[in-house]
Amino acid sequence: MRTGFPDFRLGSVLATSFTGTLSERHGNAVERIPTPHRLVDWLAVNGLAVDSCTTAQLELARELRESIHAAATAAALQDALPASAVQIINDRSAQGRAAAILTPEGTRRWQLSPASCVEDALGVIAADAISIIAGERDGKLALCASPTCQAAFFDTSQSRTRKWCDMNTCGNRQKKARFNASQRRRSAE
């Protein structure tokens, strides 16, 4: 892993983890894939290893990321999906070449060929986005309750009432803020 970059925020859902490569969208935004090499790193961590990435491919990836974010946000709010976002997600899905593999544990895993490129990996991410936005998987799309984040995430908790995209960042930050506020109130009494 290359040093000098913010850590990846990894989750169990590929498409929403990918949108998390840009966090704090409504605060001081943190770009987690600022270079083509960093996108290669993120893809490898998520089981979609490719050999290289160009600046143009990085721009395709960012365009897909923002389209997934826009469509997932609309779906979470039960609004109409943005036509341009739907088109980009569909285009990336159709352009990718990957095989769905059944693991011995009975789960699906995507496999890229040794000659695969970034577009093939983006096709897998787009297909994953389609499955969650279309409601094909058990869970629901929600938006992070953090006012500076508001990331779309896929809630698979039993009650479907999760509030934060990531408890280790947004959730802890909110809990700490509430604790500090209560301490200040106690001090003022």
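Here are a few questions and answers on the cysteines, the nonpolar core and helix α2 of this predicted model.

Residues count from 1 along each chain as its sequence is written, and side-chain values use heavy atoms, without hydrogens or water. Local features need pLDDT of at least 70 and side-chain atom pairs pLDDT 80 or more, while totals for chains, interfaces and linings use all residues.

Q: How many disulfides does a search of the whole structure find?
A: A disulfide here is a pair of cysteine sulfur atoms within 2.5 Å. Take Cys117: the closest cysteine sulfur, in Cys53, sits 9.9 Å away, too far for a bond. Across the whole structure, the count of disulfides is zero.

Q: Which element gives the most residues to the largest nonpolar core?
A: Such a core is a set of buried Ala, Val, Leu, Ile, Met, Phe, Trp, Tyr and Cys residues joined through side-chain atoms within 4.5 Å; buried means under 20% relative accessible area, exposed over 50%, partly exposed in between (1.4 Å probe, protein chains only). This one has 34 residues, with Phe18, Leu39, Leu43 and Ile125 touching the most other members. Elements are DSSP runs numbered from the N terminus: helices (H or I, at least four residues) and strands (E, at least two). With nine residues, the top giver is α5.

Q: How many of the 10 residues of α2 are buried?
A: Their cover includes α1, α3 and α5. One of the buried residues is Leu39, which is in contact (heavy atoms within 4.5 Å) with partners including Phe18, Leu58 and Val118. The helix is mostly covered, and the buried count is seven.

How values were computed:
Lists of a residue's contacts leave out its neighbours within four places in sequence.
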